[in-house]
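Welcome! Please take a moment with the sequence and the 3D view before reading on.

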Amino acid sequence: MASSLSFVIHVRDSYAAHEPQELTVSGGARSAHISGLLDYTGYDINIKGTTDAGVHTEPLTAFVMTGTCLKVWSLFIGLQKYIFQHG
């Protein structure tokens, strides 16, 4: 039986001018709504996964700019593949 998976998403503006946000989503989530982001602001996003067995993944990091079409969903896919291959 495969372990269940959850992700912790840590979001911090690139200049660290505001408090960082952190939220946890299930491994089956297809999206996550992150509120309170400022328009045309750069953010560092760190995503790490953990199984219910306590196996942690290496964090994946991306830089995104609000107001653009960049997405971090590919990080979720990569993280899921990593945890099931190495977990």
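The report below goes from the overall layout to the sheet, and then to a handful of residues.

## The overall layout

Please keep in mind from the start that this is a predicted model. The protein contains 1 helix and 4 strands. If you follow the chain from the N terminus, these elements come in the order β-β-β-β-α. Of its 87 residues, 31% count as buried. The surface that the protein exposes comes to about 5800 Å², and carbon and sulfur atoms supply 55% of that area. Contacts also link distant parts of the sequence: among those between residues at least 6 apart, 51% join residues at least 24 apart.

How confident is the prediction? The average pLDDT for the protein is 78, with 74% of the residues scoring at least 70. Confidence is highest in β1, at 91, and lowest in helix α1 (residues 73–86), where the mean is 56. As a general rule, predicted coordinates should not be read in detail where pLDDT is low.

## The sheet

The 4 strands form an open sheet, and their order across it is β2-β1-β3-β4, with antiparallel pairing. Which strands stand at the edges? They are β2 (21–26) and β4 (60–65); each has a single partner strand, so one side of each is left without a neighbour in the sheet. From one strand to the next, the twist averages 25 degrees.

Now look at how β3 is joined to its partners. Strand β1 (residues 5–13) and strand β3 (residues 42–51) run antiparallel and are joined by 9 bridges. To find a landmark in this pairing, look for Phe7, which stands opposite Gly49 in β3. Strands β3 and β4 also run antiparallel, with 6 bridges between them. Here a landmark is Asp44, whose bridge partner in β4 is Phe63.

## Residues to look up

The table lists five residues with their places and relative accessible areas.

| Residue | Place | Relative accessible area |
|---|---|---|
| Ala16 | loop between β1 and β2 | 45%, partly exposed |
| Tyr40 | loop between β2 and β3 | 62%, exposed |
| Thr41 | loop between β2 and β3 | 17%, buried |
| Lys48 | strand β3 | 41%, partly exposed |
| Asp52 | loop between β3 and β4 | 58%, exposed |

Let us begin with the backbone. Ala16, in the loop between β1 and β2, has a positive phi of about 55 degrees although it is not a glycine. Tyr40 is not a glycine either, yet it has a positive phi of about 50 degrees. You will find Tyr40 in the loop between β2 and β3.

Thr41 lies in that loop between β2 and β3 too. Is Thr41 buried or exposed? Its relative accessible area is 17%, and buried means under 20%, so Thr41 counts as buried. Tyr40, in contrast, is exposed at 62%. What does Thr41 contact, leaving aside its neighbours within four places in sequence? The residues in contact with Thr41 are Asp13, Val64, Met65 and Thr66. In addition, the side chain of Thr41 reaches the backbone oxygen of Asp39 at 3.1 Å.

Two further residues show how parts of the chain that are apart in sequence come together in space. Lys48 has its place in strand β3. How far is its C-alpha atom from that of Pro59? The two C-alpha atoms are separated by 4.5 Å, while Lys48 and Pro59 are 11 residues apart along the chain. With a relative accessible area of 41%, Lys48 is partly exposed.

Asp52 sits in the loop between β3 and β4. Its C-alpha atom and that of Ser4 are separated by 5.7 Å, although these residues are 48 apart along the chain. At 58% relative accessible area, Asp52 is exposed.

## To take away

In short, picture an open sheet with the strand order β2-β1-β3-β4. When you turn to helix α1, remember its mean confidence of 56.

Definitions and conventions:
Residues are numbered from 1 along each chain as its sequence is written. This is a predicted model: local features need pLDDT of at least 70, side-chain atom pairs count only at pLDDT 80 or more; totals for chains, interfaces and linings use all residues. Side-chain values use heavy atoms; hydrogens and water are left out. Two strands pair if DSSP finds at least two bridges between them. Helices (H or I, at least four residues) and strands (E, at least two) are DSSP runs, numbered from the N terminus. Axes are lines fitted to C-alpha atoms, for helices over the stretch in contact, and angles run from 0 to 180 degrees between N-to-C directions. pLDDT is the predictor's confidence in each residue, from 0 to 100. Buried means under 20% relative accessible area, exposed over 50%, partly exposed in between (1.4 Å probe, protein chains only). A polar contact is a pair of N or O atoms within 3.5 Å; within protein, one must be able to donate a hydrogen and the other to accept it, and residues adjacent in sequence count only if both atoms are side-chain atoms. Contact means heavy atoms within 4.5 Å. Accessible areas come from the Shrake-Rupley method with a 1.4 Å probe; for residues, only the protein chains shown count as cover.
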